[in-house]
Amino acid sequence: HLRGEYSADVPLLLPSLFVLNLSGTIAPAANLSMVNVSRFTGFVMLSDTHFTAVVGGTFDARHLSPPLAGSRGYQAVSIVGGANNAIRGVRAIVNNTGAALGVNQSPRAEISGCDVGGEGKMMMRGRCIWTLATSRAMVHDNHVRHCSAHALDFDAYTSASAAWNNLCEDNGEEGIFVEETASGNFIFNNTLRRNANGIGLYANAVGPVANNMIVGNVLEDNGGGIT
């Protein structure tokens, strides 16, 4: 249990079999390095962990400057490698990065009950939630809003995963995007409104997007419905 306001000058690395229950705020410190930041680096990182979770708390990096050339921005919480990890009930406001919450090569990850994206009408630069090269991800009951890019992105090699009961609204690109070899995924019972497009399925350079099921979603006032 961690309470209070904290400044992140380096990523906080959690071990396996550990739950961080945060009642407070983590924001970037003035001396946080923007040099050589790799993709999927987060203020809190679940790196090659098993059965680890982040529960609650606010990650506020809305004013973080863009990364330097050849470097990446910081996610709020990232899961990289390992398996059976979770992010639940966090408020993530980050900017100038690949995503606010990310999962990469970590089967059976869960992102649930989170409020992700810009504050008010402030558009957050980047994705809100991003899965890449993972399987059996569960993304549900999240409020995903005011992201400039794909709000909930099942990216390349995301398979056998599900997104349900998410509210995705006021995003600059797709509310839910299934792309680049993402296959066997189930997108159901989500509400998507006032996005550039509601739900998009897209293949470009990597390979076909196949055997995905889009069932029982509500799409309102999007630039395009299903593309």
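Which strand does R127 lie in? That would be strand β13, which covers residues 127–132. One thing to keep in mind while I talk: this is a predicted model.

Okay, let's stay with R127 for a moment. Buried or exposed? Its relative accessible area comes out at 17%, and the cut-off for buried is under 20%, so R127 counts as buried. As for what the side chain is doing in there, it makes a polar contact with the side chain of D153, at 2.8 Å. If you skip the neighbours within four places in sequence, R127 also touches a stretch from T97 through G98 and A99 to A100. Further along the chain, its contacts include C147, A149, H150 and D155, and D153 is on that list as well.

Now, C147 brings me to the cysteines. How many disulfides do we get? The count is 1, and the bond is between C128 and C147, with the sulfurs 1.7 Å apart. The torsion about that S-S bond is about 90°, so we're looking at a right-handed disulfide. In terms of where the two ends sit, C128 is in strand β13, while C147 is in the loop between β15 (143–145) and β16 (152–154). That's 19 residues apart, so the pair links distant parts of the chain. Both C128 and C147 are buried.

What about C114, then? C114 is in no disulfide, and the nearest cysteine sulfur, which belongs to C128, is 11 Å away. C114 is buried too, with a relative accessible area of 2%.

And C168? Its closest cysteine sulfur is again the one in C128, at 8.0 Å, and that's too far for a bond. For accessibility, C168 is at 0%, so it goes down as buried.

Last topic, the pockets. How big is the largest one? Its volume is about 190 Å³. There are 14 residues in the lining, and the ones nearest the centre are R72, G73, N96, T97 and G98. You've heard two of those names already: T97 and G98 are also among the contacts of R127. If you break the lining down by class, you get 7 polar, 4 charged and 3 nonpolar residues.

So, if you open the model yourselves, I'd start at R127 in β13, look across to D153 for the side-chain contact, then go to the C128 to C147 disulfide, and finish at the pocket around R72 and N96. That's it from me.

Note on methods: Residues are numbered from 1 along each chain as its sequence is written. This is a predicted model: local features need pLDDT of at least 70, side-chain atom pairs count only at pLDDT 80 or more; totals for chains, interfaces and linings use all residues. Side-chain values use heavy atoms; hydrogens and water are left out. Helices (H or I, at least four residues) and strands (E, at least two) are DSSP runs, numbered from the N terminus. Buried means under 20% relative accessible area, exposed over 50%, partly exposed in between (1.4 Å probe, protein chains only). A polar contact is a pair of N or O atoms within 3.5 Å; within protein, one must be able to donate a hydrogen and the other to accept it, and residues adjacent in sequence count only if both atoms are side-chain atoms. Contact means heavy atoms within 4.5 Å. A disulfide is a pair of cysteine sulfur atoms within 2.5 Å. On a 1 Å grid over the protein atoms alone, a cavity is a set of points where a 1.4 Å probe fits but cannot get out, and a pocket is an open set with protein on both sides within 12 Å along at least five of seven lines; lining residues have an atom within 4 Å of a point. Grid points are joined across faces, edges and corners, and a volume is the space filled by probe spheres set on the points. Ala, Val, Leu, Ile, Met, Phe, Trp, Tyr, Cys and Pro count as nonpolar, Asp, Glu, Lys and Arg as charged, and the others, Gly among them, as polar.
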